[in-house]
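Student: Could we go through this model together, one question at a time? I'd like to see how each answer is reached.

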Amino acid sequence: YSSYLKQFAIGLTSLTFITCISSVVFISLLSMDPTYGLYFGHNIKINNKPSASQPRAAISDNYIYVVWTDNNSSQGNGEINFRRSSDNGASFQAAENLSNNLGNSTNAIVAAHQNNVYVVWTDDTMGNTDVYFRKSSDYGNNFNKTINLSRTNGSSLSPQLAVSDNHVYVVWTDDTRGNNDINLKASHDYGNSFNRTKPVSRTNGSSLSPQLAVSDN
């Protein structure tokens, strides 16, 4: 039993836990050391405003990326905030507003691979709810312009995001046909451009809450 724990400890270097308590986003770093056992690092407060929800995190090398919805904007709508750490969570750079528009932005998902960071979320700026996307190719220092991935007459909700090398995949629920379908969009150039939307479910019933996983092709 002790031998198994030691092997597990060596294989597992670090995990990141993120939670939202009373509209405050906290991140905790969990390390497994074969000599000293299991312990938690101290909590780090991520947001500086009193209203936050739906935190998500992604890790690549010694970088930690965190996104969340903040409802304390000057317009009174939800915005997608982003912070990053380049030193394994010891410190975080200032928060950046990735959505920054008059609509209500929620449900952000973040993924990272090497120097690339990808974020998707839902936004109702156009009157209906669409799935928006932004990417950074320099470890989150700068982000490209926002792209509307869904752009339909219906409501697009519950986006999910997965990355493998240069391939980026996004799925979501869309009710353009009157019922809820699952749509997918793929990029094969690190999120610089996306193929046309492909239907995944297309049934007479209602398809909800998609999940996504990627391995090679």
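Student: Which strands make up the open sheet of four that includes β10, and in what order?

Tutor: Keep in mind that this is a predicted model, where local features need pLDDT of at least 70, side-chain atom pairs count only at pLDDT 80 or more, and totals for chains, interfaces and linings use all residues. Residues are numbered from 1 along each chain as its sequence is written, and side-chain values use heavy atoms, with hydrogens and water left out. Strands here are DSSP runs of E, at least two residues, and helices are runs of H or I, at least four residues, numbered from the N terminus; two strands pair if DSSP finds at least two bridges between them. The pairing in this open sheet is antiparallel, and the order is β9-β10-β11-β12.

Student: Which strands stand at the edges of that sheet?

Tutor: Look for strands with a single partner, so that one side is left without a neighbour in the sheet. The two that fit are β9 (105-113) and β12 (147-148).

Student: How many bridges join β9 to β10?

Tutor: β10 covers residues 116-123 and runs antiparallel to β9. Within this pair, H113 has N116 as its bridge partner, and A111 stands opposite Y118. The number of bridges joining β9 to β10 is seven.

Student: Which residue in the hairpin of β9 and β10 takes a positive phi?

Tutor: The hairpin has two residues between the strands. The one with a phi near 55 degrees is Q114.

Student: Is β9 mostly covered or mostly open, and how many of its residues are buried?

Tutor: Buried means under 20% relative accessible area, exposed means over 50%, and partly exposed is in between (1.4 Å probe, protein chains only). By that test β9 is mostly covered. Of its nine residues, the buried ones number eight.

Student: Is N107 buried, partly exposed or exposed?

Tutor: N107 is found in strand β9, and it has a positive phi of about 55 degrees although it is not a glycine. Its relative accessible area is 32%, so N107 counts as partly exposed.

Student: Where does D165 sit, and what is its relative accessibility?

Tutor: D165 is another non-glycine residue with a positive phi of about 55 degrees. Its place is in the loop between β13 (156-164) and β14. D165 counts as partly exposed because its relative accessibility is 42%.

Student: What is the C-alpha separation of V168 and Y190?

Tutor: V168 lies in β14 (residues 167-174) and is buried, with a relative accessible area of 0%. Leaving aside neighbours within four places in sequence, its contacts (heavy atoms within 4.5 Å) include Y118, F133, L161 and Y190. V168 and Y190 are 22 residues apart along the chain, yet their C-alpha atoms are separated by 6.3 Å.

Student: Now for the other sheet: what is the order of the open sheet that contains β5?

Tutor: It has four strands with antiparallel pairing, and β5 (52-60) and β8 (96-97) are the edge strands, each pairing on one side only. Seven bridges join β5 to the antiparallel β6 (residues 63-70), with A52 partnered by D70. At the other edge, β7 (residues 79-85) and β8 pair over two bridges, and the partner of F82 in β8 is E96. The order is β5-β6-β7-β8.

Student: Which residue in the hairpin of β5 and β6 takes a positive phi?

Tutor: Two residues lie between these strands. The one with a phi near 55 degrees is D61.

Student: R84 is buried, so which side chain of opposite charge is nearest, and how far away?

Tutor: R84 is found in strand β7 and has no salt bridge (a side-chain nitrogen of Lys or Arg within 4 Å of a carboxyl oxygen of Asp or Glu). Its side chain does reach the backbone oxygen of Y139 at 2.9 Å, and the residues it touches beyond four places away in sequence include Y63, F92 and Y139. The nearest side chain of opposite charge is D138, 7.0 Å away.

Student: How many helices and strands does the protein have?

Tutor: Both sheets discussed above have antiparallel pairing. For the protein, the secondary structure comes to one helix and 16 strands.

Note on methods
Lys and Arg count as positive and Asp and Glu as negative; His and the chain ends are not counted. A polar contact is a pair of N or O atoms within 3.5 Å; within protein, one must be able to donate a hydrogen and the other to accept it, and residues adjacent in sequence count only if both atoms are side-chain atoms.
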